[in-house]
Amino acid sequence: MVQWTLPPARSSSRAPPVASAVMVARRRLALAALASLAHLLNAESDFVMVDVPATSKRCVGEEFPDDSLGKWSFVVMGSEKHKADPTKSSKVRVTVKNPRKKLMWSESLDFTEKTFSFTTKVPGLHKACVENHHSKPQRVSIAVDQGWGVRDYDGVSDSVFGPVEKQLDDSEHMLKDIAAEMDAAIERESDLRDASESGRDRVELFGVISMGVLFATACWQIIYLRSFFRSKKLL
């Protein structure tokens, strides 16, 4: 009878360090991927060029959810001669109003960038209106950012937040903004459903009342015609 013998088991004393190194490498790759994704998403913003005719006004709007960070950026696009003196007045003024048409910010623009950062108190459409008081048309560059991408770390020391920690913190706030947007969408869907059900109930009530009026009118016509024919001795 042939007997098979198994080779002696190797010592696994070196396995934990290898596994630990693999886990650390995977964690670093995951953090780097999240940081890259957050950096790409953070670079996104809405940008538009608005041509404002002489002595007229143009407005643009942006939807903001409740308790959200927002930032408007404005700059008048001047010619080469304006670059020598960028602070020269362009006779252009911008105003920002909330959905309730309450003034939030008003500023005269020149050929340098002007920014306005805020936190929304009223959800809805926020409008920025550009008024041109010049005798010539003016072109204004308008950029708008909202949500987690507006947060600024310039005033925070690098010892508090490293590059990866900043990106992870941005990712956390981005997820919170997405969750808030989903909650707002669910709330709007609930409001629309309630309005639809209320409208349906009103239509049903109107149909019942209409049928009742038609039935009462038909009965009255029958009674009236019967009495008329009897008065004429036709029945």
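**View 1. E62 and its bridge partner across the strands.** In this close-up, E62 is bridged to H126 of β7. The model is a predicted one. Zoom out a little and you get the β2 and β7 pair, which runs antiparallel over nine bridges.

**View 2. H126 and what surrounds it.** H126 sits in strand β7. With a relative accessibility of 1%, H126 falls under the 20% cut-off, so it counts as buried. Leaving aside residues up to four places away in sequence, H126 touches V60, G61, E62 and F64, plus W72, K97, N98, P99, M104, F118 and T120. There's a polar detail to look for as well: a polar atom of the H126 side chain lies 3.2 Å from the backbone oxygen of G124.

**View 3. The open sheet, strand by strand.** Here are four strands in the order β2-β7-β4-β5, paired antiparallel in an open sheet. β2 (56-64) and β5 each have a single partner strand and stand at the edges, so each has one side without a neighbour in the sheet. From one strand to the next, the twist averages 15 degrees.

**View 4. Inside the largest nonpolar core.** This core holds 19 residues, and the ones touching the most other members are W72, F74, V96, L109, V130, V140 and I142. Elements giving two or more residues to it are β1 (46-52), β3 (69-76), β4 (92-97), β5 (103-109), β6 (114-119), β7 (124-132) and β8 (138-146).

**View 5. Closing in on F74.** Not counting residues up to four places away in sequence, F74 has a list of contacts that includes V94, V96, W105, L109, A128 and I142. F74 also touches T112, E113, K114 and S141.

Technical notes. Residues numbered from 1 in each chain as written. Predicted model: local features only at pLDDT ≥ 70, side-chain atom pairs only at ≥ 80, totals over all residues. Heavy atoms only, no water. Core = buried A, V, L, I, M, F, W, Y, C linked by side-chain atoms within 4.5 Å. Buried < 20%, exposed > 50% of the residue type's maximum accessible area, 1.4 Å probe, protein only. Contact = heavy atoms within 4.5 Å. Pairing = 2+ DSSP bridges. Axes fitted to C-alpha atoms, helices over the stretch in contact; angles between N-to-C directions. Polar contact = N/O pair within 3.5 Å; in protein donor to acceptor, adjacent residues only side chain to side chain.
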